[in-house]
Amino acid sequence: MDRRHRENPLSGLETGTIAVTAGRPPRVPDGPLNAPLVLASTYHAGGEVGYGRYGNPTWEMLENAIGALEGGLATSFASGMAATAAVLDLVPDGGLVVAQQQAYYGTLTLLREHEARGRLRVRPADLTDRAVAAEAIRGADLVWVESPTNPMLLLADVPELLRLATETGALGVVDNTFATPVLQQPLALGAAVVVHSVTKYLSGHSDLLLGAAVVRDPALAARLVATRSRQGSVPGAFEAWLALRGLRTVHLRVRQAQQTAATLAERLASHPEVSAVHYPGQGAMVSFEVAGGAEAATRVTEATQLWVDATSLGGVESSLERRRRWPGESADVPESLIRLSVGIEDVDDLWQDLAAALASGVPG
Ligand SMILES: *Cc1c(COP(=O)(O)O)cnc(C)c1O
């Protein structure tokens, strides 16, 4: 095992303890407690790394922390999509990828591009449906799982999907961005690869783009590092440093946001201007449909004072958006659907702001 992928010395500890403890320099007199921000494109010759595209001590500490949280070996990337691209590179030419049909939009777009070029075969399927999943996964080389799904927030039977993937000899991949390792640890459920948009909850402050892929198999980790080195999809050292700082509180942020999300979902469900609420009881993403339709939903997103009208998720601040404002969003998603990313503000302040915006959306 190379020095970039060390064994996890923290296994057995709780998630919050790992988030605070992992990815720190050795405890030596006068050594810093925190990871140093190393800004270097090259290193003195004679070592294992040699050049800035092959490794960086700040990435390494972030990787140790994410790896410890997910229970595997993490490789960091410039963004979640860069991690996704590197994982899809693991599939041999002409290989079959079975993907959750409501996977992240960027992932589906990249898969369609690979398919159009003849690089991969792609089979989107509703993996939240057991019978459909069992049929679709047969013969796959890679199975791409997301649970909860975006933006309908449906849950899949993740252990069962990973069992089916293993049975057919496929790599089972879980994009764990929405659930985070605080709520779901896919490697322990049988996944071969966990992908993260570190941009979201792991870093948690909407101030950087970063990705990671976490695996159990050291040979797979080495292939991901080689792909990153070759393609140059490396994270910035400052982003890695910021992400590590944000990650120290991921357990507190995610648990608080989840509790607030559950309360808001309950209140939304009994609001007269809301026709449906989609909340699986896991995580801090909530979607709901506005009874007045698309225009009323747009008015709601424009009327909030606390909630930020913006895409993305996982920040300390609460945000919302009408998903169908994006031309690429699936036609299966209702026009009036608003997706909430619940942050860590006070729940009653968030509710009052949302309720006032819903009232302003009522015509006449
Ligand atoms: C944002 C996101 C991605 C892509 O991550 P970037 O950091 O934006 O490249 C992938 N998967 C999910 C579920 C996401 O939310």
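These are my notebook entries on contacts, burial and strand pairing in a predicted model.

**Entry 1. Salt bridges**

I began with the salt bridges, of which the structure holds 14. I looked up one on the outside of the burial scale first, between the side chains of Glu113 and Arg117, where N and O are 3.3 Å apart. Glu113 has a relative accessible area of 43% and is partly exposed. Arg117 reaches 54% and counts as exposed, because the exposed class begins over 50%.

I then turned to Glu321 and Arg323. These two residues form a salt bridge in which the closest N and O atoms are 2.7 Å apart. I checked the burial of the pair and found both Glu321 and Arg323 buried.

The third bridge I recorded joins the side chains of Glu335 and Arg322, at 2.8 Å from N to O. I located Arg322 in strand E11 (319–322) and Glu335 in the loop between E11 and strand E12 (337–341). The pair therefore ties together parts that are 13 residues apart in sequence. Glu335 is partly exposed, with a relative accessible area of 38%, whereas Arg322 is buried at 13%.

I also asked which residues are joined into one network by salt bridges that share partners. They are Glu321, Arg323, Arg325, Glu329 and Arg339.

**Entry 2. Strand E12 and its neighbours**

Arg339 of that network led me to strand E12, from which Arg339 points the same way as Leu337 and Ser341. Ile338 and Leu340 point the other way from E12, and all of these residues are buried. I noted accordingly that E12 is mostly covered, with five of its five residues buried.

Which strands pair with E12? I found strand E9 (residues 285–290) running antiparallel to E12, joined to it by five bridges. Strand E11 also pairs with E12 in the antiparallel sense, over four bridges.

I followed Ile338 across both pairings. Phe288 has Ile338 as its bridge partner in E12. Arg322 likewise stands opposite Ile338. Arg322 is thus recorded twice in these notes, once for its salt bridge with Glu335 and once for its place opposite Ile338 in E12.

**Entry 3. The ligand**

I next listed the residues around the ligand. There are 13 of them, and those that come nearest are Met81, Asp175, Ser197, Thr199 and Lys200.

I looked up polar contacts for three of these residues:

- Met81 has a polar backbone atom 2.8 Å from an oxygen atom of the ligand.
- Asp175 has an N or O atom in its side chain 2.6 Å from a nitrogen atom of the ligand.
- Ser197 has a polar side-chain atom 2.8 Å from an oxygen atom of the ligand.

How much of the ligand's accessible area does the protein cover? On its own the ligand has 380 Å² of accessible area, and the protein covers 93% of this.

**Entry 4. Aromatic pairs**

I found two aromatic pairs in the structure. Tyr51 and Tyr54 make an edge-to-face pair, with 5.9 Å from centre to centre and 70° between the planes. Tyr51 is partly exposed at 37% relative accessible area, and Tyr54 is partly exposed at 35%.

Is the pair of Phe238 and Trp241 stacked or edge-to-face? The ring centres are 6.1 Å apart and the planes of Phe238 and Trp241 lie at 15°, so I entered the pair as stacked. The cut-off behind this step is that planes under 30 degrees apart count as stacked. I placed both residues in helix H9 (residues 237–247), where Phe238 and Trp241 are three residues apart and hence separated by about one helical turn. Phe238 counts as partly exposed at 42% relative accessibility. Trp241 is partly exposed as well, with a relative accessible area of 28%.

**Entry 5. Asn56**

My last entry concerns Asn56, which I found in the loop between helix H1 (15–21) and helix H2 (57–70). Asn56 has a relative accessibility of 7% and therefore counts as buried. I also noted its separation from Ser41: Asn56 and Ser41 are 15 residues apart in sequence, and their C-alpha atoms are 8.8 Å apart in space.

Methods:
Residues are numbered from 1 along each chain as its sequence is written. This is a predicted model: local features need pLDDT of at least 70, side-chain atom pairs count only at pLDDT 80 or more; totals for chains, interfaces and linings use all residues. Side-chain values use heavy atoms; hydrogens and water are left out. A salt bridge is a side-chain nitrogen of Lys or Arg within 4 Å of a carboxyl oxygen of Asp or Glu. Buried means under 20% relative accessible area, exposed over 50%, partly exposed in between (1.4 Å probe, protein chains only). Helices (H or I, at least four residues) and strands (E, at least two) are DSSP runs, numbered from the N terminus. Two strands pair if DSSP finds at least two bridges between them. A residue is near a molecule or strand if one of its heavy atoms lies within 4 Å of it. A polar contact is a pair of N or O atoms within 3.5 Å; within protein, one must be able to donate a hydrogen and the other to accept it, and residues adjacent in sequence count only if both atoms are side-chain atoms. Accessible areas come from the Shrake-Rupley method with a 1.4 Å probe; for residues, only the protein chains shown count as cover. Rings of Phe, Tyr and Trp (its six-membered ring) pair if their centres lie within 6.5 Å; planes under 30 degrees apart count as stacked, over 60 as edge-to-face and the rest as tilted.
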